[in-house]
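The following paragraphs lead through one protein structure, proceeding from a single loop residue to the sheet, the core and the aromatic groups. The reader may wish to keep the coordinates at hand.

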Amino acid sequence: QVQLVESGGGSVQAGGSLRLSCAASGYTYSRASMGWFRQAPGQEREGVATIHSAGVTAYADNVKGRFTISQDNAKSTLYLQMNSLKPEDTAMYYCAADLKPVLSASTRLRRPGLFDYWGQGTQVTVSS
């Protein structure tokens, strides 16, 4: 059974950092493409960053230069390092897995419907 479990969320001051983790199980991690998405109350879910198994990444314009997506294939774990956090980053953050990737990382970033499985989410709150 596919499972994605996020951790690492919390409350921080603006300018601070957090590192989110997503522990994956139930599938061959190295054959999937992974992504981070976020959703604030009353807002649509938006792509934050995606990564192919080969390591090609894509980022939303409003996080580029501040966030870094990475993974450890041996540990089947996805990460999101978030630096210089802003109040606008406050949202529930979800990791997702596309088990049959055929499109580019940038396309995947704007197409959450391409992802087959989702974690339960971890809350990130950034105060000013």
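In this predicted model, Lys 86 has a relative accessible area of 37% and is therefore classed as partly exposed. Lys 86 belongs to the loop that joins strand S8 (77-82) to strand S9 (91-98). Leaving aside residues up to four places away in sequence, Lys 86 touches Arg 66 and Val 126. Its C-alpha atom is separated by 19 Å from that of Gly 121, a residue 35 places further along the chain.

Strand S8, which precedes this loop, is part of an open sheet of 4 strands in the order S1-S3-S8-S7, with antiparallel pairing. Strand S1 (3-7) and S7 stand at the edges with a single partner strand each, so one side of each has no neighbour in the sheet. On average, and with direction ignored, neighbouring strands of this sheet are turned by 15° against each other. Strands of a sheet pair through backbone hydrogen bonds, in either a parallel or an antiparallel sense. Between S7 and S8 the sense is antiparallel, and the pairing extends over 6 bridges. Within S8, Leu 80 is the bridge partner of Ile 69.

Leu 80 also leads into the interior. The largest nonpolar core has 30 residues, and Leu 80 is among those that touch the most other members, together with Tyr 27, Trp 36, Leu 78, Met 82 and Tyr 93. At least two residues of this core come from each of strand S3 (18-25), strand S4 (33-39), strand S5 (46-51), strand S7 (67-72), S8, S9 and strand S11 (122-127). The contacts of Leu 80, not counting residues up to four places away in sequence, include Leu 18, Leu 20, Trp 36, Val 48, Phe 67, Ile 69 and Tyr 93. In soluble globular proteins, nonpolar side chains tend to be buried together.

The aromatic groups add a further set of links. The structure holds 4 aromatic pairs, one of which joins Phe 37 and Trp 118 in a tilted arrangement, with 5.0 Å centre to centre and 55° between the planes. Because Phe 37 lies in strand S4 and Trp 118 in strand S10 (residues 117-118), this pair ties together parts that are 81 residues apart in sequence. Phe 37 is buried, with a relative accessible area of 0%, whereas Trp 118 is partly exposed at 28%. Ring pairs link these two residues and Phe 115 into a cluster.

Charged side chains also meet rings. The charged end of Arg 45 sits over the ring of Trp 118, 4.8 Å from its centre. Arg 19 lies over the face of Tyr 79, at 4.0 Å from the ring centre.

Key. Residues are numbered from 1 along each chain as its sequence is written. This is a predicted model: local features need pLDDT of at least 70, side-chain atom pairs count only at pLDDT 80 or more; totals for chains, interfaces and linings use all residues. Side-chain values use heavy atoms; hydrogens and water are left out. Buried means under 20% relative accessible area, exposed over 50%, partly exposed in between (1.4 Å probe, protein chains only). Contact means heavy atoms within 4.5 Å. A nonpolar core is a set of buried Ala, Val, Leu, Ile, Met, Phe, Trp, Tyr and Cys residues joined through side-chain atoms within 4.5 Å. Rings of Phe, Tyr and Trp (its six-membered ring) pair if their centres lie within 6.5 Å; planes under 30 degrees apart count as stacked, over 60 as edge-to-face and the rest as tilted. A charge sits over a ring if NZ of Lys or CZ of Arg is within 6 Å of the ring centre and within 35 degrees of the ring normal. Two strands pair if DSSP finds at least two bridges between them. Axes are lines fitted to C-alpha atoms, for helices over the stretch in contact, and angles run from 0 to 180 degrees between N-to-C directions.
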